Amino acid sequence: MSAPAAASVGGATAPDPAAAVDMSVRLTAPAGTVDLAAGVLTASGCAAAGRELDPYLDLTTLGGVVTKTIMRGARSGRPTPRMAETPSGMLNSIGLQGPGIAHFLAHDLPWVAERGARAVVSVAGEDVEEFVDIARTLRAATSDDGPLGRPGTDGGVLAAVEVNISCPNVANRGLVFACDPGSAAEVVAAVRAATDPRVPVLAKLSPDVTDIVAIARSVLAAGADGLVMVNTLLGVAIDVDRGAPVLSRVTGGLSGPAIRPVAVRCVWQVTAAMRAGLLPTVPVVGVGGVRTGRDAAELVLAGASAVQVGTVTFGDPGAPARVRDELAAVVRHHGLGSLAGLVGRAHDAVRDGGHP
């Protein structure tokens, strides 16, 4: 990767603000590699398949649209009220509402393809068999050179599969597979086996665990090609005037800026384990409370190769593109020519004694 152009300012050499920054990211699958245009993507659950954001930004300039989690059949989700703002973030208990995989393949994925954007399809199931069924259905719909293009390649809409084993908003908390290493591994191994080998499989982990490194180890051993960290944190908001919980099913997933330090911590711990040789080294996608490029840079400096932007899009639907540009400015600030050069540099600072 070439270094950015530099300019002499007052006798000192400073990065040229006009210099281009390579923001691309490469993911690896068992039978190929996938190059994303940028290391900034949308986050699952905040904009369905991207239609809502399309008027506000060019989706083709992002790394991809991470779709709302798809399940086998149509689901109405939990009863209302199921969203609440808190002073420290947003609580939601949507409960994986959606039209199901058939509708998604007939209407949503073709739309993303027509826009020329890439999709990271988030999938979930109530049991391992449902995960496998969805993965097989997705593979069958994208495994030829049809209008959706060859999966995993530059011309194909399907860039990766995100395995949502960590949604907290399900009726049975036992369905949060990511809370148990064995269950998490079983799901990921089954999805990996059912997915086109040219398509990376990313496991989305929960922060609501005692040892996230142990969960990461289990899903990587099961064949995950990358990690997404983290899903929402389980929370409760109570209406003091009514003396009752705000959400109909009491608990919800907390997202927004309050959880960013938690996400940074999780990325840091798993990256440190990779650097120590305790885990295989794979790309990590950071997600949680990213509102600006500097927020995104925290996750990257902790070890994330890419970031997802979610809750902020409810108030600023153009945020993913803005975050991409602001993150590029941070890369330039550090005198680098690529986003890859920024990944994990905070670990280097600690190693080199740069920590205060």
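Contact here means heavy atoms within 4.5 Å, and axes are lines fitted to C-alpha atoms, for helices over the stretch in contact, with angles running from 0 to 180 degrees between N-to-C directions. Helices (H or I, at least four residues) and strands (E, at least two) are DSSP runs, numbered from the N terminus. The model is predicted, so that local features need pLDDT of at least 70 and side-chain atom pairs count only at pLDDT 80 or more, whereas totals for chains, interfaces and linings use all residues. Residues are numbered from 1 along each chain as its sequence is written, and side-chain values use heavy atoms, leaving out hydrogens and water.

**Exercise 1.** Determine the strand order of the open sheet of eight strands, and then place helix 2 and helix 4 on the sheet.

*Solution.* Two strands pair if DSSP finds at least two bridges between them. The order is then 5-18-17-12-11-10-9-6, with parallel pairing. Strand 5 (40-42) and strand 6 (65-66) each have a single partner strand and stand at the edges, so one side of each is left without a neighbour in the sheet. Within the sheet, strand 17 (residues 284-287) and strand 18 (residues 306-309) run parallel and are joined by three bridges, with Gly286 standing opposite Val307 of strand 18. Helix 4 (residues 212-221) packs on the sheet, where it touches strand 11 (201-205) and strand 12 (226-229), and its direction makes about 160° with that of strand 11. Helix 2 lies across strand 9 (119-123) and strand 10 (158-164), and it runs at about 175° to strand 10.

**Exercise 2.** Describe how helix 2 packs with helix 3, beginning with the angle and ending with the residue classes.

*Solution.* Helix 2 (residues 128-142) and helix 3 (residues 181-194) pack at about 20°, their axes 8 Å apart. Angles under 35 degrees count as roughly parallel, and the two helices are therefore roughly parallel to each other. From helix 2, Val128, Phe131, Val132, Ala135, Arg136 and Arg139 meet Glu186, Val187, Ala190, Val191, Ala193 and Ala194 in helix 3. By class, this contact has nine nonpolar, no polar and three charged residues, where Ala, Val, Leu, Ile, Met, Phe, Trp, Tyr, Cys and Pro count as nonpolar, Asp, Glu, Lys and Arg as charged, and the others, Gly among them, as polar.

**Exercise 3.** Repeat the analysis for helix 6 and helix 7.

*Solution.* Helix 6 (residues 293-302) and helix 7 (residues 319-333) pack at about 65°, with their axes 8 Å apart. Gly293, Arg294, Ala296, Ala297 and Val300 in helix 6 meet Val323, Glu326, Leu327 and Val330 in helix 7, a contact of six nonpolar, one polar and two charged residues.

Note on methods:
Parallel < 35°, antiparallel > 145°, perpendicular 65-115°, else oblique.
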